[in-house]
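This report covers a chain contact, a helix pair and a nonpolar core.

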Amino acid sequence: MNLTKLIRHDLQCGLFRLRCLLVPPLAALPCLLCLRITDSAGCKSSWAGYMMYCFMGIEPISVQDTMEKAQFPILWLILIIGCLYLHLDYPLNDLSLTGQQIIVRSGNRRNWYLAKCVWNLCACGLYFLMVSLTASLFTVLTGGDLSLNCDAAALKVLYLGETGGKTLPPLTALLLSLILPYLTVSAISLLQMTLCLIMKPIFCFLIGIILLLLSVYWDSPLILGNGAMGIRSSLLISGGVAPGPAAEECCLIIILCMAIGSWMFKRSDILGARD
Amino acid sequence: MKIDITHATKEIGGSILLDDVTLTLQSGRIYGLQGPNGSGKTMLLRLIAGLIRPSSGSVAIDGKKLGADMDFPPSVGLLIENPAFLPNNTGLKNLELLASLKGTTDSGQIRRTLSRTGLDPDDPRKVRKYSLGMKQRLGVAAAIMEQPDLILLDEPTNALDDKGIACICDILRQERERGALIVLACHDAEILYPLSDEVIKVCDGRVERGQMK
């Protein structure tokens, strides 16, 4: 059985699930806050503004900063953790349902696992699409510009003046608001799926959360979550995380997780829910 | 088809689930696995299906080692633990979905298999509305629809009434006549002994060859 049939099956059975309905309310929280901030400043946010606010994160916390001064990026964290949570259990649930029938028919463990990796990347894509649609809805309802333009006034208001009055080219806005957060979240989600091969899903989920918390307090580009925080990008602040290496790091982790995971899955036991 | 299990031991978390199992199984025969709960019957089925790897020893199918030369037996139908299907699809749709992955079975064959197991192929009900017995019949149908060379069944008569049990026994006899190798785990000796060509007793992970016809 070829890989495409397995991928098609996973996309049919695992992509559109009832729990996806949780995404718009999750995405609406930062959008509402963004709307309140721009409204009080008397300007309107574009689609890119909403998206960048969703995945803004917080500026690097320096050693001199007191904890009272630094705001904890709770909405950013909820939005990213939401994605990790939604994609935590499908592969294991599938193995305890029709997955065993499918995997023995496929005759190939590696293909089954790779299909799950592709599903994971697509499911993260769907998550970001739903966040984008929620942001689009807010933009349209508030009469904002449904585009990648992010004017200096809105940027200054939303990013609390950290950008130094810069405007953002559309491609940069796309990179910071969609591409880098997507790659970062996909990498963490695949890492979580790979870890599920050796430990219980709840512990893998906790590791993902710890990684995100680490990235909040430690702005090293090596800590994955930093790539998903637009405000920490070198395109906005000096000494920030360079987008190129951050994207490369995410791609490397995605590839490594696929390779190591399929190698491990080939050797692991497929037990039932009872075992 | 010939299956050779050689000194296979399976240990998980310090517990020995299968202990030095050595068996040879041949096509055209029904092998019954008998033993108390937790004796290792299901683990033995999982081992033959390629779902678990032996900690030591090997499983070979027609001389090819599972896990080294291939991941799973080339032609296998299985029902292990409870039959699990997509609850929002009909029985027919579930089987069509499974069959489409391999592409060796047409819709007519699937419908005939459903009828053989006593299910109506045109039943519009979703699987979530099925009774336990109907799910069990569907599980057996999924295991045999592609006419596999190897059929592994774990308690296939669970939740079935007398008529259902007789139906499944008839199907298994027909599959044996076709030349399939059938391994069947069942705690009910009244079903297992008349049906099996050989009964293999499983106790604490060890096997003991028993009655042979």
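The text below takes these topics in turn.

The model is predicted: local features need pLDDT of at least 70, side-chain atom pairs count only at pLDDT 80 or more, and totals for chains, interfaces and linings use all residues. Residues are numbered from 1 along each chain as its sequence is written, and chains are lettered from A and ligands numbered from 1 in the order in which they are written.

In the interface, 22 residues of chain A are in contact (C-beta atoms, placed from the backbone, within 7 Å) with 20 residues of chain B. On the chain A side, α1 (3-14) and α6 (99-106) each supply at least two residues, and α6(A) has the largest share, six residues. Helices here are DSSP runs of H or I with at least four residues, numbered from the N terminus.

Two sets of contact residues are split by class below; Ala, Val, Leu, Ile, Met, Phe, Trp, Tyr, Cys and Pro count as nonpolar, Asp, Glu, Lys and Arg as charged, and the others, Gly among them, as polar.

| Set | Nonpolar | Polar | Charged |
|---|---|---|---|
| Side of chain A that touches chain B | seven residues | nine residues | six residues |
| Contact of α3(A) with α7(A) | seven residues | three residues | no residues |

The axes of α3 (residues 47-54) and α7 (residues 109-141) of chain A come within 9 Å and cross at roughly 130°. Residues in this contact include A:Trp47 and A:Cys54 of α3(A) and A:Val131 and A:Phe138 of α7(A).

B:Leu152 is in contact with B:Leu45, B:Ile48, B:Ala49, B:Val76, B:Leu78, B:Ile80 and B:Val183, leaving aside neighbours within four places in sequence.

Conventions:
Contact = placed C-beta atoms within 7 Å. Axes fitted to C-alpha atoms, helices over the stretch in contact; angles between N-to-C directions.
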